[in-house]
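Colleague: I would like to learn how to read a structure of this kind. May we go through it feature by feature?

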Amino acid sequence: MTAPVTVELSPRARSWLRMRAIARRHAYVLVRSPHRLFDVTLWPLVDVVLFGSLAAFVGTSGTSGTAKASGYLLAGIVLWHVIYQSQISLSTGFLEETWTRNLLNMMVTPVREVEYVAGVALFGMVKMVMGIGVMVLGALAFFSFHAWSLGFGLIPIAVTLLIVGWAISLFVIGLVLRFGTGAEALAWGVMFVLLPLSGVFYPTKALPTVMQPLALALPTTHAFSALRGLVDKHGLNWTQVSIAGAGSVAMLLLAAWFLVAMLTMFRRRGYITRYT
Amino acid sequence: MPAELVLEARGLVKDYRRTRAVDGIDVLVGAGERVALLGPNGAGKTTTLLMILGVVAPDAGAIAICGIDLARHRSRAAEQVGFAAGYLPLTERMRVREYLRLYGQLYGIADPGPRIDEGLERFRVTHLADAMGTELSSGQRTLIGIVRSTLHRPRLLVLDEPTASLDPDVALRVREGLIEIAENEGTALLMTSHDMTDVDHVCERVLFLSAGRIVADGTPESIAASYGRGNLEGVFLHLAGNHEASATQQSDHP
């Protein structure tokens, strides 16, 4: 047997190099496809104008309940975009490989699955910061809504939602590997199933009774419940945040397991021929 | 058998639903050896290559690249392999140099710049370094794909139809470049091709696949002689005829 070639970097350094290379590859995609900026600039702005106007309209009634609702709407839509941006950037990052028939090129390289996901997620976080930045500035400029007035309690809530976004995208990628690009509609669709069930803009007791147990099982419900506590100036409800955090990590692990299972099936059944 | 095995694939089997695409083959390639994997459409060539690349899992058998078990250590094994195919696109929205830099880094080269220059020069495409991938002709894309596959100086270079869609002069340049890589760097080549000129010029050993099995293994001359044909093309046509008759249900794809 011949000895393997001498490599220049340690395994850890090579791994980090690969993740950065993947992130840079997706940066090129964004910079050189201006229409991709829609997701991180215009769409957040549209949402903040829509929900901010709704909040302003509701707020004119002057009762304490309606004032609360307007705060829920604006804070809810800003934090909703944490899930949206993290999910969409990771899902479309992978879908970019299928749209451009680049999957085989990528799969024959030494890139490990976890490195690939980490690289795309790394650049996804840049996109998320851009998108949330646009929303925060839009909410401030148009509706005088100071998102940071909610305090540092926003950070653990945002982290939880970020993890949920990644979990959903791993699940979507798994489905695309299994069923082909026809399943990519789920990249956008799944989010909007979660939106009403998670009580993004209202307490889940407003949901039909039959749906409430399902809502309570979602980590996002507890995250947005904690957010409403911040809007109501009750401080951060650590119980809700802990349930949301544990639920989101469990969701991520389940999604990672599902993705690995689908990738194994992808290799076993030779589905790569769909993309060559 | 070659003394130093770069590729050791034994007992490979792959079934797609009710079709057996690859039926218990061994593929052994030594350092610096130049091997062609030939056969008619549906013979199992691409499936075999995809298994060797770790993209399709064999149903039975084992693959080792430079002694590294592919099933257990895919990433480490993949560092030893380069792959190019005439049908593969270049990553979109990147200039050629950016694209090569990306893939150099994916193969663990911190500063791929000098190797990019060397590769572009070897295949005489330095003038394309700043072009966008979408501006290239299919032949130019193939050349850049080959440069990409050799950046990390792989021990095994796998090529699927490397000269498909190339003009004769460019195909000649590719053949010369590949021979130079094998001779100067000790890189083993495993390539498929439907162009027997490629095989005659580049390869010193031929594996003929038919209906998922290796039906001939030897030098181009010895195989042609054993089938009583004047050249490899004659053998190919003979085997393709048999394959059509006996395996109409076989397919290379699931």
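Colleague: How many helices and strands make up the secondary structure of chain A?

Modeller: In this predicted model, chain A comes to ten helices and zero strands. Read from the N terminus on, its elements are therefore written α-α-α-α-α-α-α-α-α-α.

Colleague: How should one read a single helix?

Modeller: An α-helix has 3.6 residues a turn, so residues three or four places apart point the same way. Length offers a further check. Helix H7 of chain A covers residues 186–197, and at 1.5 Å a residue its twelve residues should span 16 Å; the end C-alpha atoms are 17 Å apart, which agrees.

Colleague: Which residue with a positive phi follows H7(A)?

Modeller: That residue is Gly199(A), with a phi near 60 degrees.

Colleague: What does the radius of gyration say about chain A?

Modeller: One compares the value with that of a compact globule of equal length. For 276 residues such a globule would have a radius of gyration near 19 Å, and the 20 Å of chain A agrees with this. Taken along the principal axes, the C-alpha atoms of chain A fill a box of roughly 80 × 40 × 35 Å. Of its 276 residues, 44% count as buried. Among contacts in chain A between residues at least 6 apart in sequence, 75% join residues at least 24 apart.

Colleague: How many helices and strands does chain B have?

Modeller: Chain B has nine helices and ten strands. Its radius of gyration is 18 Å, close to the 18 Å that the globule rule gives for 254 residues, so chain B is as compact as a globular protein of that length. The C-alpha trace spans about 50 × 40 × 35 Å along its principal axes.

Colleague: What share of the residues of chain B count as buried?

Modeller: The share is 54% of the 254 residues. As for contacts in chain B with a separation of 6 or more, residues 24 or more positions apart account for 69% of them.

Colleague: How many residues does each chain give to the contact between chain A and chain B?

Modeller: Chain B gives 39 residues and chain A gives 34 residues. On the side of chain B, the elements that give two or more residues are strand S1 (5–16), helix H1 (45–52), helix H2 (74–78) and helix H3 (96–106). The largest share, five residues, comes from H3(B).

Colleague: Which classes of residue are found on that side of chain B?

Modeller: The side of chain B that touches chain A has 24 nonpolar, eight polar and seven charged residues.

Notes: Residues are numbered from 1 along each chain as its sequence is written. Chains are lettered from A and ligands numbered from 1 in the order in which they are written. This is a predicted model: local features need pLDDT of at least 70, side-chain atom pairs count only at pLDDT 80 or more; totals for chains, interfaces and linings use all residues. Helices (H or I, at least four residues) and strands (E, at least two) are DSSP runs, numbered from the N terminus. The expected span of a helix is 1.5 Å times one less than its number of residues. The radius of gyration is taken over C-alpha atoms; the globule rule is 2.2 Å times the number of residues to the power 0.38. A residue is buried if 20 or more other C-beta atoms lie within 10 Å of its own, exposed if 12 or fewer, and partly exposed in between; C-beta atoms are placed from the backbone. Two residues are in contact if their C-beta atoms, placed from the backbone, lie within 7 Å. Ala, Val, Leu, Ile, Met, Phe, Trp, Tyr, Cys and Pro count as nonpolar, Asp, Glu, Lys and Arg as charged, and the others, Gly among them, as polar.
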